[in-house]
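Biologist: I would like to learn how to read a model like this one. Can we go through it feature by feature?

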Amino acid sequence: MTTHLDVDLGTLAANIASIRRRIDGTELMLVVKDDAYAHGIVSVVSRAFAEGVRWFGAFDIASAARVRHAVGDRARIFVWIAVTREEIEEALSLDLDFGVGDAAMLEDVAAAALDQRARVHLKIDTGLHRNGIRPESWRRTAARAHDLEMAGAIEVVGIWSHIAEASDDEDDEARECFDRAVREARAVGLNPSILHLAASAASWERPEFRYDLARVGAYCYGIRPAGGPSEAELSISPVGSLWADITAVGADVTLGIGSLHGLPSTLAGKCEIQTRDGWRRLTRIGDTESWAESWPSARVGEEVKIYGTDAMSATDLAEKIETIGEEIALRVSPIVPRRYV
Ligand SMILES: *Cc1c(COP(=O)(O)O)cnc(C)c1O
C-alpha cells in the first residue's frame with residue numbers, strides 16, 4: 001500500500017456512542033460537511049446510520065444528495081448554505097431540512113415549495129456574523145415566516161444558531177440572544193420544536209447549550225480541540241490515520257507523501273512520525289515526497305504513520321503550526337486513497 005488514509009469506522013461508532021452518552025437525551029446530528037471532514041461521506045454516513053444516527057448536517061445540496069442516496073428516507077438531512085432557486089427545487093425533491101439565514105432565502109424556499117410545507121430552521125445571528133438573521137430584523141422575519149406557514153408553503157420546525165465556542169462569556173451572550181429569539185418567534189405564532197445551538201465543544205462541556213439537537217462534527221471523527229482537553233478526557237479516538245510508505249533509504253528515509261497529498265510543508269522539522277523503530281523527526285517536506293531521520297532497520301515499502309491512533313493526532317500536528325486539527329484532517333487530498341477498516 002502506498003500513502004493512504006485508514007478510516008476506522010469502528011472508532012467512529014465508538015466516538016458516536018461516547019458523545020451520545022455524554023449529551024444524554026439530546027439527539028445527535030452528525031455533521032458531514034467537507035466529505036465528512038475528508039473521511040469519505042458515504043462510508044461515514046452509512047455506518048452512522050447503522051449506529052442509529054438519524055440526523056445529518058450536510059451543509060450543501062450536493063453532499064445532502066449523497067447522504068440521501070446512502071441512507072434512504074429514514075433520516076433527516078440539514079443543509080445550511082444559501083442556495084439558488086434551482087438548488088432549492090432539488091433540495092425539496094430530496095426532502096431536506098433547510099437552515100435559513102436570511103429573509104430573501106426564506107421567500108425563495110417558500111416560493112419553490114408552493115404548498116409543500118418545506119421544513120425550515122430559522123437561523124438567528126447570535127454574534128458570529130456568518131450568515132443568520134440579525135436580531136434587529138428577527139421579529140419581522142419571524143412574522144413573515146409565520147405568514148408563509150399559515151399559507152402552507154413552509155413549516156418552521158426549528159430555530160438555530162452557531163457559536164464561536166472560544167470563550168464561555170461570549171457563548172453565554174450568544175445563548176441569551178438565542179433564547180430571546182426563540183421567545184420572539186413564539187410570540188409571533190411560530191411553534192418550533194427543534195432548537196439547536198451547539199457544535200462539538202459546547203455540546204460536550206455545557207449541558208445548557210444542548211437543547212434538542214447537538215450538531216457534532218470534530219469529536220465524532222476523534223478530532224480534539226487545539227489547546228483543549230485530550231482525546232482520553234473526551235473519550236474519543238482518531239478515526240483517520242494517515243500512513244506513508246518508505247520509497248528510498250539512504251542517509252535519511254524518503255517517504256511517499258508531500259504537500260500535494262496534504263501534508264503542510266510548514267511541519268518540516270516540527271513533527272515526529274511513528275516508525276517501527278519509534279519516533280523519527282520529519283526533516284523536509286517536498287511536493288510529493290518528504291524526508292525523515294533514518295533508522296537501521298528501515299526498508300523500502302515499509303509504512304510509517306504520520307498521524308492517527310497511537311501516533312501524533314491531527315491536532316498534535318496542528319498545534320505545532322498554530323492551527324486546528326480540522327485544518328490538518330481536511331487537507332488530506334482526494335488523491336490519497338481512503339481505506340476503510
Ligand atoms: C462545522 C459545523 C458544525 C460542527 O462543528 P464541530 O466543531 O466540528 O463539531 C456545527 N454546526 C455548523 C453550522 C457547522 O458549520
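**Ligand site and helices**

Modeller: We start with the ligand, which is surrounded by Val31, Lys33, Tyr37, Trp80, Trp160, His162, Ala199, Ser200, Arg215, Val216, Gly217 and Ala218. Keep in mind that this is a predicted model.

Biologist: Which residues have a polar atom at a stated distance from an oxygen atom of the ligand?

Modeller: Look for pairs of N or O atoms within 3.5 Å. A polar side-chain atom of Ser200 is 2.5 Å from a ligand oxygen atom. For Gly217 the contact comes from the backbone, where an N or O atom lies 2.8 Å from an oxygen atom of the ligand. A nitrogen atom of the ligand also has a partner, an N or O atom in the side chain of Arg215, at 2.9 Å. As for cover, the ligand on its own has 380 Å² of accessible area, and the protein covers 90% of that.

Biologist: How do I read the two sides of a helix?

Modeller: An α-helix has 3.6 residues a turn, so residues three or four places apart point the same way. Take α5, residues 85-93, where Ile88, Ala91 and Leu92 are buried. These residues lie on the same side of α5 because they cover an arc of only 100° around the axis. Glu86 and Ser93, on the other side of α5, are exposed.

Biologist: What do the buried residues of α5 pack against?

Modeller: Their partners are the helices α4 (61-71) and α6 (103-113), together with the strands β5 (97-100) and β6 (118-123). After α5 comes Asp95, with a positive phi near 55°.

Biologist: How can the length of a helix be checked?

Modeller: Compare the expected span with the distance between the end C-alpha atoms. Helix α7 (residues 135-150) has 16 residues, so at 1.5 Å a residue the span should be 22 Å; the end C-alpha atoms are 23 Å apart, which agrees. Buried residues of α7 are Ser137, Trp138, Thr141, Ala142, Ala145, His146, Leu148 and Glu149. The buried residues of this helix pack against α6, β6, β7 (154-160) and α8. Just after α7, Gly152 has a positive phi of about 90°.

Biologist: Where is Ala185 found, and is it buried or exposed?

Modeller: Ala185 sits in helix α8, residues 168-187. Its relative accessibility is 0%, so Ala185 counts as buried. For contacts, leave out residues up to four places away in sequence; Ala185 then touches Trp138, Ala142, Ile159 and Leu190. Two of these residues, Trp138 and Ala142, are among the buried residues of α7. Sequence distance and spatial distance are separate readings. Ala185 and Ala145 are 40 residues apart in sequence, and their C-alpha atoms are 9.3 Å apart in space.

Biologist: What is the phi of Asp35, and where does the residue lie?

Modeller: Asp35 has a positive phi of about 55°, although it is not a glycine. The residue lies in helix α2, residues 33-38. Asp35 is partly exposed because its relative accessible area is 32%, and the partly exposed class runs between 20% and 50%.

Biologist: Where is Asp310 placed, and is it buried or exposed?

Modeller: Asp310 is in the loop between β15 (303-307) and α11 (314-320). Its phi is positive, near 55°, and the residue is not a glycine. Asp310 counts as exposed because its relative accessibility is 67%.

Definitions and conventions: Residues are numbered from 1 along each chain as its sequence is written. This is a predicted model: local features need pLDDT of at least 70, side-chain atom pairs count only at pLDDT 80 or more; totals for chains, interfaces and linings use all residues. Side-chain values use heavy atoms; hydrogens and water are left out. Buried means under 20% relative accessible area, exposed over 50%, partly exposed in between (1.4 Å probe, protein chains only). Helices (H or I, at least four residues) and strands (E, at least two) are DSSP runs, numbered from the N terminus. The arc is that of the directions from the helix axis to the C-beta atoms. Contact means heavy atoms within 4.5 Å. The expected span of a helix is 1.5 Å times one less than its number of residues. A residue is near a molecule or strand if one of its heavy atoms lies within 4 Å of it. A polar contact is a pair of N or O atoms within 3.5 Å; within protein, one must be able to donate a hydrogen and the other to accept it, and residues adjacent in sequence count only if both atoms are side-chain atoms. Accessible areas come from the Shrake-Rupley method with a 1.4 Å probe; for residues, only the protein chains shown count as cover.
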